[in-house]
Each structure stands twice: as structure tokens, then as C-alpha cells.
Amino acid sequence: MRLTILAATGGIGRELLRQAIAAGHDVTAVVRNPARLPDTPARVVATDLAAPDPALLRDAVAGNDAVLSGLGARTGAEAGVASRGTRAVVEAMRASGVRRIVVVSAASVGTVPSPGRPHPPRHNPGDGPFIRYVATPLAKAAFGRHYADLALMEDVLRDSGLDWTVSRPPRLLNVALRRRYRTAIGRNVRGGAFISRAHVAEHMLDMLDRPETYHRDIGIAY
């Protein structure tokens, strides 16, 4: 497939890029700093997704089959990059006739209010008591601005008219692909507190040609 990968030098993005190239896909990598991808066989497009250049994004997605996004704020000060960058790439996809997009969000976002979902469920139906009453409140206290940005990003996708899928992992780890992961459509994985970035990327790539995941959020965890 011909793929565009957003934020290809981030934690998820690097795994998406590595695995997509290894699988033989034709990849365009969208990054802020091309110097962080020396000697990559992918085509590289440089633009800051916090304030993206619309023409560059149209060029990055035109003629491709799908977009994969690892976009997200690394710090509280960067909150807003996921929603702004996703809005810009959705516009580029519409202009270019590209319909398929898979993005990474976070497990806690399903209970975060947004303009498009002002009254989300108080608890995710997949969460057990510890996750509901201990882990999720702590995560929201620490990453509230990040989650608000991701909730807005999900609003953008729901309103896009595109064939979107949202991956919602819990705490991300940098570990090898050694364990079998679980997934759940429309809810978090019961008892799932961790997942590797490599497995999230693997699953995002696997979902590209699965129509049953269109317009759905997918929980993934060990």
C-alpha cells in the first residue's frame, strides 16, 4: 500500500514507519525535523503539524491509500497539536480523495467531554474497579490537557466523513513484540493497563484494510 505516516519520529510514529517499510509499503513520512530520519528509504515531507502547511500536507497524502497518525503532544505546552494537525490532514485528504485514516488516541479519552461529546459515559464499559476509580482519575489529573486535545481530535474524525479508526491504548511501553495483545471494539480492554508502542503500531497497520473497524474506537492492551 501507499501510506502517509504523520509524526513519524515520535514513539508510535517510528514504529509505524519501521514496520510499514519492513512490510514493503511505499511510505511518505511527515515530520517536523527531517534530520531525525537519516538514511530512511521513505519519502520525507517536512512540516510542523502544530501549524501545518496545507499545500505540503496535500502533497504528502495525494495518491496514497491511507494515512496513519502517531500525532500527540509530548508536553502540556504542546497540547492542541493532535486536534490541529488532524484537522489539517483531514482537509488535505478530502482535497486529495484519500478516505482511510487510522490514528492513535488514549484509553482514558472515551470518558473525556468534548464539544462533539459533551456527555460521555462516566466510566468506560471495559474498565474494572481499579482502572475506573484509581488509574483513570490519576491519569486525567496528570494528562488532562493531552486528553482534551485527543478528545477534540476524535471529534474532528467523527465529523470528517472519512473512513476513520481510533486506537485507544493505555500506558505505553518500549518493549519488544513478545506478548499477545487483546483488542475490544468500542471499549477498553478489560484489565488492560499496558501495551507496547510496537504492538500499537502493528495493530494500526493491521486495521488498514478491515472495514469492520471503520468509524470505531478500538481498545488495545495486554
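The buried residues of helix α5 are A198, H199, V200, A201, H203, M204, L205 and M207. These account for eight of the eleven residues of α5, which covers residues 197-207, so the helix is largely enclosed by the rest of the structure. The model in which this helix is seen is a predicted one.

The chain as a whole provides the setting for α5. Its secondary structure consists of five helices and ten strands. A compact globule of 222 residues would have a radius of gyration near 17 Å, and the protein chain agrees with this expectation because its own value is 16 Å. The C-alpha trace spans about 45 × 40 × 35 Å along its principal axes. Of the 222 residues, 51% are buried. Where contacts link residues at least 6 apart in sequence, 69% of them join residues at least 24 apart. The accessible surface of the chain is about 10300 Å², and carbon and sulfur atoms contribute 52% of that area.

Helix α3 offers a second view of the interior. It comprises the 16 residues 81-96, for which a rise of 1.5 Å a residue predicts a span of 22 Å; the end C-alpha atoms lie 22 Å apart, and therefore the model agrees with the expected length. The buried residues of α3 are V81, A82, S83, G85, T86, A88, V89, V90, A92 and M93. They pack against three strands and two helices, namely β1 (2-6), β4 (66-69), β5 (100-104), α2 (54-61) and α4. After α3 comes G97, with a positive phi near 80°.

Helix α4, one of the packing partners of α3, also leads to the surface. This helix covers residues 129-158 and contains L138. The relative accessibility of L138 is 59%, which means that the residue counts as exposed, since the threshold is over 50%. Together with F130, Y133 and V134, L138 forms a nonpolar surface patch with about 450 Å² of accessible area in total.

Two loop residues deserve attention for their backbone geometry. D39, in the loop between β2 (26-31) and β3 (43-46), has a positive phi near 60° although it is not glycine. D39 is exposed, because its relative accessible area is 78%. H215 lies in the loop between α5 and β10 (216-221), and its phi is likewise positive and near 60° in a residue other than glycine. With a relative accessibility of 41%, H215 counts as partly exposed.

Terms used. Residues are numbered from 1 along each chain as its sequence is written. This is a predicted model: local features need pLDDT of at least 70, side-chain atom pairs count only at pLDDT 80 or more; totals for chains, interfaces and linings use all residues. Side-chain values use heavy atoms; hydrogens and water are left out. Buried means under 20% relative accessible area, exposed over 50%, partly exposed in between (1.4 Å probe, protein chains only). Helices (H or I, at least four residues) and strands (E, at least two) are DSSP runs, numbered from the N terminus. Patches are made of residues with over 30% relative accessible area and no salt bridge: like charges are joined within 9 Å, nonpolar side chains (Val, Leu, Ile, Met, Phe, Trp, Tyr) within 5 Å. Accessible areas come from the Shrake-Rupley method with a 1.4 Å probe; for residues, only the protein chains shown count as cover. A salt bridge is a side-chain nitrogen of Lys or Arg within 4 Å of a carboxyl oxygen of Asp or Glu. The expected span of a helix is 1.5 Å times one less than its number of residues. Contact means heavy atoms within 4.5 Å. The radius of gyration is taken over C-alpha atoms; the globule rule is 2.2 Å times the number of residues to the power 0.38.
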